Amino acid sequence: MVYTNIEGPFPCRQDVLTIYVTNNANHTSTELHKICGNKRWNLITHDDQHFHAVFTTDGSVSTRGFLIRYYETEGRAACDASLVATSTGKIFTSPGYPNTYLPTQSCTWNITTEQQNQVILLFTKDSELQGSTSRRVCDTDYVTVYNGQYSYDEIGTFCGHQQPVFSSWGNSLRVHLQTDDRNSYKGFKMLYKAVPATTCILTMPAGRSPIQFVSPGYPNGYQSGLDCQWTINVPYGSTITVQVLFLDMERRPSCKNDYLLFKDGNTTNAPTLAKICRNTSTPITNSGNHMIISFHSDMSVTGRGFRLQYSAGPVCGLSNLSASLTEKTLTSPGYPSYYYNNLNCTWTISAPVGYKISVDIVDLSMEQSCVNDYLLFTGGSSYNKVQLGKYCGTTTMDVVSSSNYMAITFHTDGSIRGRGFNLKYKAESHNVFSCERSRLNASTSMPGYLTSPGYPNNYKNNVACIWTIAAAVGYKIKVEILYLSVQYSTLCTHDYLLFSDGSSSDAPPLAKYCDTTITHVASSSNYMTITFHSDSSVTGRGFSLKYIATSGCGYVQQIDSSETKMIESPNYPLNYPTNLNCEWTISTDVDGHVIHVRAMHFNLQSSFHCTSDYVQLYEVTGTSEYLLGQWCGTDGPDTQSTTQSMKVRFLSDGAWSQNGFQLAFTSTAVKPTSAAFSDSKVGGIIGGVLGGIAVVVLATCCCCVICKRNKSTSNDQSQRNRTRDVNLNIVFSIPLSNCPATETSTPAVMFTNTPPPAYNEVTKDDPPPYRQIVSQSHRQTFETSSPSDAPDCVAIDNSADLNSGTFE
């Protein structure tokens, strides 16, 4: 079937093409296929059978229909053929290509060369087969290539849309197509050609299924003076894994004579993954989607050669690693190039029982936020994991497991990328119950982790461990107890965890714990000493804690117009300590800018009127502070100051705490206000209107003015001064006389000679010179009032409201 476009989905209730395979002798049907939609089917009959096709349509929709190609063949001979490879290259395809192959089909092609000293290169030019299953195995429709005509030495298998390249080990190979009884696809097209047996410069795509290739002449031996290069490419986001199945070549120190060289990239100056001249069972995995394998033989001793197997794998590479006394390397996918987005890689490292795993982070270049991208180390068993460290940014540290097991998780989001990480790991013969690394250094950016000996397993009796944590001068040590399970006693006299405020256990005590309280401890200087003691009786799982260096609680921060600065509660995102009194000052020196604050995360102890734990915001002007608001619970601020400086105060009481807050501060330009507008646009207009009103009032109250000349003169001068300094934010009250105003006085005052021209005459070329239309947001209301015993004689002037109303 070349083409189908028939109305209706299966089971074909509208229009349908029904094909019967019928026996010639008794006209009984052995097969029946109903076809509609875009489904296609390829069929074949035996000598005593024929086709019977029936096409039925209903009275509704009609489509383009179908096209069937039928022909006679000599049985299934077109499916099985013997081919001869030449140097020019030839093409063969699956039956029916480029339409569809047959179901339950089994075809074999035997390909040989014209000469004995040649090999066959097989290039997949097009491929559309049924894909691999969820187990990533080609077990439905697939093509398998074997070395030789009769052997079962499998070179490789492919399915789906894979387009691998195969190379025979000798002068013949066999291609086998197998299909199931379900869906059929277009099939494949392959180019085969004969090349000299010494040809060994080749580019090969990798598929999910393993593919093998060998050294020239294998297994009879390679020649001297060879320089071969195979470039393997896989789709973006995948890696390449090579397994050495067999290797026999000249062995010399540093493999200086004959060797296999593996490069992590598609250029000769890419980083070296391995250089070998003897067999190894350790797979070689790169970090990206390209690998170069070079084979060199000098002019002296040769061997039988090698047989390698390669395949495309997940981008993270092998997940199960083993640590030995020899240092090994683990890098992020793509290192030292940028890692990929949206990764979730996990590697598990195991060491012999009685050993610990030591990791040295040689290089780390990641996004600064450990919420987005991070490298996480956990220890313990798969059922009882313990966090050993979580890192991002550019921090380089050592991480040591508390047992012979460690898991490393590398997570990236969809945003900023970095170079990734390069770390060394090995097994170290430590007593897991001993107190190692008695002196620790606290970082300001990344927390360190400390556990009791043997944690998460029970500690032993009669343990006496002392650790001193140091930070840079001017910093303090903050510790959070993540887990604590020791023998409990009154006053903690048996087993306990003691924190001392100094560089020795004799320093003043900060806290002593032996119960399950999870809390925080902070030093007053840059040293803290931790003592763990157990007696000869009951034991427990022990403790797990983390520590960090901090500058204290609060600081002064300057931001510019392009920055966003974050403030976090102490120990965020973990619970903040009790009895805090922190203060930060955020300011900008950009003219016309104010400080805007928005809560990215906010979770404080909730209380009535926010009297327990709370955040206060103040706007600062010189030495004055004005309270903007007070917040607690989960409702954080989203506001801004009217000045260039803001102060944040955070207080917590002695009760329970939450995981705190994260506030974002930006420098924001101030939007124009109505007051600013009045200074430049409206002030003159309002002054003129009020001046006119004042004149009208004075004219209508002439008798009163004459009676009280001296007092009126003084009041008139004062009123003029107030009119000159008018402000839109003031509501004016003007005292009126008891005398009624005349109807003709207002226009005589506002337009002293002749009325203004018509609006359309003034606006022919230029805007009107005598008035402006002001937006609704700048409109102001002016009120007049009179003594309560005066008659209602307010004069109202509406001359400034000629065009949709500027003032009311």
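Strands, like helices, are taken here as DSSP runs numbered from the N terminus, a strand being a run of E of at least two residues. In the predicted model described here, the place of Cys610 is accordingly given as the loop between β45 and β46. The strands on either side of this loop are β45, which covers residues 593–603, and β46, which covers residues 614–621.

Two neighbouring residues of this loop have an unusual backbone. It is a general rule that most residues other than glycine have a negative phi. His609 departs from this sign, with a phi near 65°. Cys610 likewise has a positive phi, of about 55°, although it is not a glycine. Both residues lie in the loop between β45 and β46, as is stated for His609 and for Cys610. Their surroundings may be set side by side: His609 has a relative accessibility of 61% and therefore counts as exposed, whereas Cys610 has a relative accessibility of 12% and therefore counts as buried. The cut-offs behind these terms are under 20% for buried and over 50% for exposed.

Cys610 also takes part in a disulfide. Its partner is Cys632, and the two sulfur atoms are 2.1 Å apart. The torsion about this S-S bond is about -75°, so the disulfide is left-handed. The pair links distant parts of the chain, for Cys632 lies in the loop between β47 (624–631) and β48 (638–640), and the two cysteines are 22 residues apart. Cys632 is buried, as is Cys610.

The structure holds seven disulfides, and two others are described here. One of them joins Cys370 to Cys392, with an S to S distance of 2.1 Å. Because the torsion about its S-S bond is about -95°, this disulfide is left-handed. Cys370 is placed in the loop between β27 and β28 (374–381), while Cys392 is placed in the loop between β29 (384–391) and β30; the pair thus links distant parts of the chain, 22 residues apart. Cys370 and Cys392 are both buried.

The other disulfide joins Cys200 to Cys228, with the sulfur atoms 2.0 Å apart. The link is left-handed, with -75° about the S-S bond. Cys200 lies in the loop between β14 (187–196) and β15 (201–205), and Cys228 belongs to strand β17, residues 227–233, so the disulfide ties together parts that are 28 residues apart in sequence. Cys200 and Cys228 are both buried.

Strands β27 and β30, mentioned above in connection with Cys370 and Cys392, are also members of a sheet. In general, the strands of a sheet pair through backbone hydrogen bonds, in either a parallel or an antiparallel manner. The sheet in question is open and has four strands in the order β25-β32-β27-β30, with antiparallel pairing. The edges are formed by β25 (328–331) and β30 (398–400); each has a single partner strand, so one side of each is left without a neighbour in the sheet. On average, neighbouring strands of this sheet are turned by 25° against each other, direction ignored. For the edge strand β30, the pairing with β27 (residues 356–365) is antiparallel and extends over three bridges. Among the residues involved, Ser358 has Val400 of β30 as its bridge partner.

Two cis peptide bonds may also be noted. As a general rule, most peptide bonds are trans. A cis bond joins Tyr97 and Pro98, with omega about 10°, and Pro98 is located in the loop between β7 (90–93) and β8 (106–113). Another cis bond joins Tyr218 and Pro219, with omega about 5°. Pro219 is located in the loop between β16 (211–214) and β17, and β17 is the strand that contains Cys228.

A further buried position is Val21, found in strand β2, which covers residues 16–23. Its relative accessible area is 0%, and Val21 is therefore buried. Not counting residues up to four places away in sequence, the contacts of Val21 include Thr28, Ser29, Thr30 and Glu31. Leu43, Thr45, Gln49, His50 and Phe51 are also among the residues that Val21 touches. The C-alpha atoms of Val21 and His33 are separated by 8.9 Å, and these residues are 12 residues apart along the chain.

Definitions and conventions. Residues are numbered from 1 along each chain as its sequence is written. This is a predicted model: local features need pLDDT of at least 70, side-chain atom pairs count only at pLDDT 80 or more; totals for chains, interfaces and linings use all residues. Side-chain values use heavy atoms; hydrogens and water are left out. Two strands pair if DSSP finds at least two bridges between them. Axes are lines fitted to C-alpha atoms, for helices over the stretch in contact, and angles run from 0 to 180 degrees between N-to-C directions. A disulfide is a pair of cysteine sulfur atoms within 2.5 Å. Buried means under 20% relative accessible area, exposed over 50%, partly exposed in between (1.4 Å probe, protein chains only). Contact means heavy atoms within 4.5 Å.
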